[in-house]
Amino acid sequence: MSSKDENGYDIIFKIVLIGDSSVGKTNIFSKYLNDEFDPDSKATVGVEFGTKNFKIENNLVKVQIWDTAGQERYRSVTNAYYKGAKGCLLVYDITNKSSFENLDKWISELKTNGDDNVSIMLIGNKIDLVSDRAISLEEGKKLAEFHKLAFLETSALNGDNIEKAFNELISDMFRNHNSSFDKKDNIKLNKAIKIENVEEKEEGKEGKEEKEEKEEPIPKKRCCN
Ligand SMILES: Nc1nc2c(ncn2[C@@H]2O[C@H](COP(=O)(O)OP(=O)(O)OP(=O)(O)O)[C@@H](O)[C@H]2O)c(=O)[nH]1
Ligand SMILES: [Mg+2]
């Protein structure tokens, strides 16, 4: 296992959220990090990120989660956004067929710009909107199997499967990091890995993001219009 950095972390993981505009990326991000949901959230402009710390099998792990605009015109930092990411939540909206049809485009963008061996989880979001469903659970599963991706349906509104999605993705990233895992078989999330939350006591939400900006030269909160 790698030695600790100057802040005491054994591992730093970067996760990116991608998918069409309005599929719910920012709300998944804020539900997970701050337990907040905004029914009137505006389209993201540029990039923002937050962090969460974990103890995973005796390693102190910092997870950076990056959220960017689904709208092409606001995404001017594609390469920088994907750089160093070892995990990806690829999100569509189960009520929006075109967000599902555009997944191939997102997968090829990730393959072009991302590292090799990125753990990817496909997310069908907005399952609380039962009567508006346009993409069945089976269609989601089938696409995930075809591309060898892990898959879950979520609701950022009521929190269904949000924590589970991140936990499974982080477990898979941890397995890949340790290389004790067949890297071609991205779908296998079977071996249980214990992930414990670690509080960052001295920092508030804003403090965390300011500190991250100093550590990471490329992204700035809402940096790139
Ligand atoms: N009912 C429901 N609405 C959701 C859910 N997730 C997001 N929304 C709503 O969908 C809209 C778009 O959500 P965002 O999180 O801003 O979407 P986004 O993917 O970040 O969009 P961009 O920033 O433009 O790429 C907002 O009105 C949210 O409140 C969900 O799980 N259920
Ligand atoms: Mg957004």
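Helices here are DSSP runs of H or I with at least four residues, numbered from the N terminus. With that in hand, welcome to this predicted model.

**The ligand and its shell**

Helix α1, residues 25-34, gives the most to the shell around ligand 1, contributing three residues. In total, 22 residues surround ligand 1, and the closest are Gly24, Thr26, Ala43, Thr44 and Gly70. By character, the shell holds seven nonpolar, 11 polar and four charged residues.

**The chain as a whole**

Let us step back to the full chain. Its secondary structure consists of seven helices and seven strands. Read from the N terminus, the order of elements is β-α-β-β-α-β-α-α-β-α-β-α-β-α. The chain has 225 residues, and buried ones make up 37% of them. Of the contacts between residues at least 6 apart in sequence, 73% join residues at least 24 apart.

**Strand β3 and its partners**

How many of the 10 residues of strand β3 are buried? Eight are, so this strand, residues 59-68, is largely enclosed by the rest of the structure.

Strand β3 pairs with β1 and also with β2. With β1 (residues 11-18) the pairing is parallel, over seven bridges. Strand β2 (residues 47-56) runs antiparallel to β3, and 10 bridges join the two. Asp67 is a handy residue to look for in β3: Leu17 stands opposite Asp67, and Asp67 is also the bridge partner of Glu48.

As a general point, side chains in a regular strand alternate between the two faces of the sheet.

Strands β2 and β3 form a hairpin with two residues between them, and Glu57 in this hairpin takes a positive phi near 45°.

**Residues with positive phi**

Glu57 has company elsewhere in the chain. The table gathers residues of this kind with their phi values.

| Residue | Location | Phi |
|---|---|---|
| Glu57 | hairpin of β2 and β3 | near 45° |
| Lys126 | loop between β5 (119-125) and α5 (137-147) | near 80° |
| Asn161 | loop between β6 (150-153) and α6 (162-178) | near 65° |

Are Lys126 and Asn161 buried or exposed? A residue counts as buried if 20 or more other C-beta atoms lie within 10 Å of its own. Lys126 has 24 C-beta neighbours inside 10 Å, so Lys126 counts as buried. Asn161 is buried as well, because 20 other C-beta atoms lie within 10 Å. Both sit in loops: Lys126 in the one between β5 and α5, and Asn161 in the one between β6 and α6.

Definitions and conventions. Residues are numbered from 1 along each chain as its sequence is written. Chains are lettered from A and ligands numbered from 1 in the order in which they are written. This is a predicted model: local features need pLDDT of at least 70, side-chain atom pairs count only at pLDDT 80 or more; totals for chains, interfaces and linings use all residues. A residue is near a molecule or strand if its C-beta atom, placed from the backbone, lies within 6 Å of it. Ala, Val, Leu, Ile, Met, Phe, Trp, Tyr, Cys and Pro count as nonpolar, Asp, Glu, Lys and Arg as charged, and the others, Gly among them, as polar. A residue is buried if 20 or more other C-beta atoms lie within 10 Å of its own, exposed if 12 or fewer, and partly exposed in between; C-beta atoms are placed from the backbone. Two residues are in contact if their C-beta atoms, placed from the backbone, lie within 7 Å. Two strands pair if DSSP finds at least two bridges between them.
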